Amino acid sequence: MSDTTSPAAKLDTNVAHPARRYNYWLGGKDNFAADRLSGDQVAAVFPTVKRAAQENRRFLRRAVGFLAGEAGIRQFLDVGTGLPTADNTHEVAQRIAPESRVVYVDNDPLVMAHARALLTSSPEGKSAYIERDLRDPQSILDAPELHATLDLGRPVGLTLVAILHFVRDFEDPYGAVGRLVAALPSGSFVVLSHGTYDGLPAETVAKLEEANAATGGLSRPRSRDEFARFFTGLDLVDPGVLPIGDWRPEPGSTPPDPIDICMYGAVARIP
Ligand SMILES: C[S@@+](CC[C@H](N)C(=O)[O-])C[C@H]1O[C@@H](n2cnc3c(N)ncnc32)[C@H](O)[C@@H]1O
């Protein structure tokens, strides 16, 4: 199993990394041979993975649009930022409310370097970038840059989009989400999306697990029930837990077949 916590492992371009492999699926250029190899291994078994990555970005756009629009959120904590691409969280939010403030968090130093260079805020808003690990939520909450940018006495939109399936069971993903949620005031919101094997034939799952083992067990897809458990004690926003394409699709668009995407998404309000 690869050690994703030591600095040497974090900078190792010979090992596939979530952000760089995802960047490859999205058609970006910030990836290395190991990321492309792993990306191709998954695509050989699950040929719609690139579409799934694009659909996930669309879900992020719609969910952040909902937070900044209907929900009136002006502060965002985006954990698992990913390499900059189209419609990053601060861009979606600041298009609706230019004064929006965003703190980006990722544990990949390459992501943080690109984010600092490219994810620049509107003059009215503010953005900050912190290299921290979701598996150590207290280190995120203790970061001085977080408190210099966001007022945790006012509602925050916490986005954990396509990151929790990289936190394995023994790393306590439910505890990490619970710790972050507990630090946010009533009226805050949580946006999650997550990979799943639900609905896939057993043969495909076995092949995906083989590809996953080749990357040291990088991902831990979860069932609908396991995903829904992240929202325990929170008020799910309509339409609840759904395949991401079915979560408030853009008017006039046709949502993809969930089996081609294999991701759940939902938004909830912290009571
Ligand atoms: C698939 S990308 C998703 C990017 C973006 N949220 C989106 O949905 O388009 C997952 C991101 O989570 C980051 N990540 C994975 N595990 C992490 C952890 N334990 N702590 C912080 N970031 C992590 C990766 O470096 C990567 O940038």
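In which sense do strand S2 and strand S3 pair, and over how many bridges? In this predicted model, the pairing is parallel and runs over six bridges. S2 spans residues 101-106, and S3 spans residues 126-131. Within this pairing, Tyr104 has Tyr129 of S3 as its bridge partner. Helix H6, residues 109-118, joins the two strands in a β-α-β unit. The unit formed by S2, H6 and S3 is right-handed.

Helix H5 covers residues 89-96 and includes Gln94. Is Gln94 buried or exposed? Its relative accessibility is 9%, so Gln94 counts as buried, the cut-off being under 20%. The side chain of Gln94 also has a polar partner. One of its polar atoms lies 2.9 Å from the backbone oxygen of Ser100.

The ligand has 20 residues around it. Tyr22, Asn56, Arg57, Gly80 and Asp106 come nearest. Several polar contacts can be described in turn. A polar side-chain atom of Asp106 lies 2.6 Å from a ligand oxygen. For Gly82, the atom concerned is a backbone N or O, placed 3.2 Å from an oxygen atom of the ligand. Val161 also contributes a backbone N or O atom, but here the ligand atom is a nitrogen, at 2.8 Å. How much of the ligand's accessible area does the protein cover? On its own, the ligand has 600 Å² of accessible area, and the protein covers 97% of it.

Two helices give two or more residues each to the shell around the ligand: H2 (18-25) and H4 (49-68). The largest share, three residues, comes from H4. By residue class, the shell divides into nine nonpolar, five polar and six charged residues.

H2 itself is mostly covered. Seven of its eight residues are buried. These are Ala19, Arg20, Arg21, Tyr22, Asn23, Tyr24 and Trp25. Tyr22 thus appears twice in this account: it is buried in H2, and it is among the residues that come nearest to the ligand. Just after H2, the backbone at Gly27 takes a positive phi of about 85 degrees.

Terms used. Residues are numbered from 1 along each chain as its sequence is written. This is a predicted model: local features need pLDDT of at least 70, side-chain atom pairs count only at pLDDT 80 or more; totals for chains, interfaces and linings use all residues. Side-chain values use heavy atoms; hydrogens and water are left out. Two strands pair if DSSP finds at least two bridges between them. Helices (H or I, at least four residues) and strands (E, at least two) are DSSP runs, numbered from the N terminus. A crossover is right-handed if, with the strands pointing away from the viewer, the path from the first strand over the helix to the second runs clockwise. A residue is near a molecule or strand if one of its heavy atoms lies within 4 Å of it. A polar contact is a pair of N or O atoms within 3.5 Å; within protein, one must be able to donate a hydrogen and the other to accept it, and residues adjacent in sequence count only if both atoms are side-chain atoms. Accessible areas come from the Shrake-Rupley method with a 1.4 Å probe; for residues, only the protein chains shown count as cover. Ala, Val, Leu, Ile, Met, Phe, Trp, Tyr, Cys and Pro count as nonpolar, Asp, Glu, Lys and Arg as charged, and the others, Gly among them, as polar. Buried means under 20% relative accessible area, exposed over 50%, partly exposed in between (1.4 Å probe, protein chains only).
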